[in-house]
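Welcome! Have the sequence and the 3D view open side by side, and take a moment to look around before reading on.

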Amino acid sequence: NYFRIFTLQHKKGLETLFDDLYATAGKDNGKKSACGELLYAGDILRGNCTCYLKSFFNLQLTAKCKAGSYAYAAKNSAAGIFGTLKTPVDISSYRNGTVHIWLYVNDVDYLTADMNFELSSSGRSDQDEYEWVISRKSLKSGWNELWLPIRKAFVTGTPDLTGINYFRLFTTKPDTKLEFILDDVYASFKK
């Protein structure tokens, strides 16, 4: 529960930056994505590339991100974004925890309804899924760090936490100027 970086030779103007720093509940087991990025326990969608995805819709990489080098932006916000993972992810050990996401909204006034985030084990929406409604009133313009409790999700069918293989983020009837970005999706023990 402690982390420290220091120097004995501090010079005026020294700046130390951190990015993508993780503490994990388990070992990484040496697993890597197709592009060589190290994967950690609980990782669902890192956003650094599309190599995790078997298929995706309305999604493009953007350098406007919170973790790593890239995030997933909607090409057309009216359609939402979704994708199927190449390899299902087991987040069953986090069933009493949360799903973490970074969500960017350029201007909350462009939202005319709440946003919805879904995780599924069926490879599609509205079947064997967990769904969270993200109140537009809870969002601010810019980046929003969200912790979505798994036990408080709306459940459709019988989703399998050992085989999460699909995600979707959408809203209904947004203003055409709405931009939204999804980044750094992982399961956590945080409640």
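Here is a short tour, from confidence to sheet, core and charged contacts.

This is a predicted model, and the chain averages a pLDDT of 83. One stretch calls for care, as the first group of points explains. After that come an open sheet of six strands, a nonpolar core of 41 residues and a network of salt bridges.

**How far to trust the model**
- A pLDDT of at least 70 is reached by 77% of the residues.
- Over residues 19–29, the pLDDT is below 50. This stretch still has 20 contacts in the model beyond its near neighbours in sequence.
- Where pLDDT is low, predicted coordinates should not be read in detail.

**The sheet**
- To trace the six strands across the open sheet, follow the order β2-β5-β11-β7-β8-β10, where the pairing is antiparallel.
- Which strands sit at the edges? They are β2 (53–57) and β10 (154–156), each of which pairs on one side only.
- From one strand to the next, the twist averages 15 degrees.
- In general, strands of a sheet pair through backbone hydrogen bonds.
- For a pair to look at, try β5 (residues 81–89) and β11 (residues 164–171), which are joined antiparallel over five bridges. Within β11, L169 is the residue that stands opposite I81.

**The nonpolar cores**
- Nonpolar side chains tend to be buried together in soluble globular proteins.
- The largest nonpolar core has 41 residues, and the members touching the most others are V99, I101, L103 and F117.
- Leaving out residues up to four places away in sequence, V99 touches a list of residues that includes I44, F117, W132, W147, I150 and Y186.
- There is also a second, separate core of six residues, with A71, A73, W102 and Y104 among them.

**The salt bridges**
- How many salt bridges does the structure hold? There are two, and they link E118, D126 and R168 in a network.
- E118 and R168 form one of them, with their closest N and O atoms 2.8 Å apart. E118 lies in strand β7 (residues 115–120) and R168 in strand β11, 50 residues apart.
- D126 also forms a salt bridge with R168, and here the closest N and O atoms are 3.6 Å apart. D126 belongs to the loop between β7 and β8 (129–134), 42 residues from R168.
- Are these three residues buried or exposed? E118 counts as buried because its relative accessibility is 0%, and R168 is buried too, at 17%. D126 has 49% relative accessibility, so this residue counts as partly exposed.

Definitions and conventions: Residues are numbered from 1 along each chain as its sequence is written. This is a predicted model: local features need pLDDT of at least 70, side-chain atom pairs count only at pLDDT 80 or more; totals for chains, interfaces and linings use all residues. Side-chain values use heavy atoms; hydrogens and water are left out. pLDDT is the predictor's confidence in each residue, from 0 to 100. Contact means heavy atoms within 4.5 Å. Two strands pair if DSSP finds at least two bridges between them. Helices (H or I, at least four residues) and strands (E, at least two) are DSSP runs, numbered from the N terminus. Axes are lines fitted to C-alpha atoms, for helices over the stretch in contact, and angles run from 0 to 180 degrees between N-to-C directions. A nonpolar core is a set of buried Ala, Val, Leu, Ile, Met, Phe, Trp, Tyr and Cys residues joined through side-chain atoms within 4.5 Å. Buried means under 20% relative accessible area, exposed over 50%, partly exposed in between (1.4 Å probe, protein chains only). A salt bridge is a side-chain nitrogen of Lys or Arg within 4 Å of a carboxyl oxygen of Asp or Glu.
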